[in-house]
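Here's a quick walk through one sheet and the pieces packed around it. Have a look at the fold before reading on.

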Amino acid sequence: MKLDFYVDENVLIPRADTEILAEEVINNCNRNKKDRYKILDLCTGSGIVGISLAKYIKNCEVVCVDISKKALEIAEKNAKNNNVDNIKFIYSNMFSNIKDKFDIIVSNPPYIKREVIEGLEKEVQNEPHIALDGGIDGLDFYKIIINQAYDYLNDTGGLFLEIGYDQREEVIILLKNSGKFDDIYSKKDLYGNDRIVVARRG
């Protein structure tokens, strides 16, 4: 995204795969051209997604949420370093401290199966487990987001999720079974792996 980000041991190292998520939100906003977009970035970590959106979407306000106060400090630092001020940061366990409704909810949540973490490359194992651990089936956070996002989205608001390469079908099933979302589709990353799932509030 042509932006510089500071990271340390409290956040994940940004990866190119996540650009697919940010770009899809940006392209969606450019196509629909609302006067103003209100965007919620859940599990923001170092802030790479929320800050990129705030930088490249005209007339938007971005709210970034994380349960890690140290991660939020890094995200705030990254916002300042990239001259982004149309953004704010909230300490919250998912939606618990969120009161507003949004046009877009975006998230790159922890999605690795708990038992898999110990087998990952050493570089990844050194990253914070709270940002990796998606529970036994890797779907814990998707279940929370899909169950609650409807109440925090404006009419026809969009939900944009990064997923693991093998989670497309499971996440789409969760969305369909909720009965709350329409226009569900997925996109692959540059390596041909399924990387994001997008849905519209029904």
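## Strands S2 and S3

Let's start with one pair: Val62 stands opposite Ile87 in S3. Strands here are DSSP runs of E with at least two residues, helices are H or I runs of at least four, and both are numbered from the N terminus. S2 and S3 are joined by five bridges and run parallel; two strands count as paired if DSSP finds at least two bridges between them. Together with H3, the two strands form a right-handed β-α-β unit. Right-handed here means that, with the strands pointing away from the viewer, the path from the first strand over the helix to the second goes clockwise.

A word on the ground rules: this is a predicted model, where local features need pLDDT of at least 70 and side-chain atom pairs count only at pLDDT 80 or more, while totals for chains, interfaces and linings use all residues. Residues are numbered from 1 along each chain as its sequence is written, and side-chain values use heavy atoms, with hydrogens and water left out.

## On to S1

On its other pairing, S2 (residues 60-66) runs parallel to S1 (residues 37-42), with six bridges between them. One facing pair is Leu42 and Val65 in S2. How many of the residues of S2 are buried? Six of seven, so the strand is mostly covered, where buried means under 20% relative accessible area, exposed over 50% and partly exposed in between (1.4 Å probe, protein chains only). To get from S1 to S2, the chain passes through helix H2 (residues 48-56), and that β-α-β crossover is right-handed too.

## The whole sheet

Zooming out, the sheet is open, has seven strands with mixed pairing, and is ordered S3-S2-S1-S4-S5-S7-S6. S3 and S6 (181-188) are the edge strands, each pairing on one side only. Direction ignored, neighbouring strands are turned by 15 degrees against each other on average.

Helix H3 (residues 69-81) lies across S2 and S3, at about 175 degrees to S3. Angles run from 0 to 180 degrees between N-to-C directions, using axes fitted to C-alpha atoms, for helices over the stretch in contact.

## Ser92

Ser92 sits in the loop between S3 (87-91) and S4 (102-107). It counts as buried because its relative accessibility is 1%. Beyond neighbours within four places in sequence, Ser92 has contacts (heavy atoms within 4.5 Å) that include Val65, Asp66 and Asn97.
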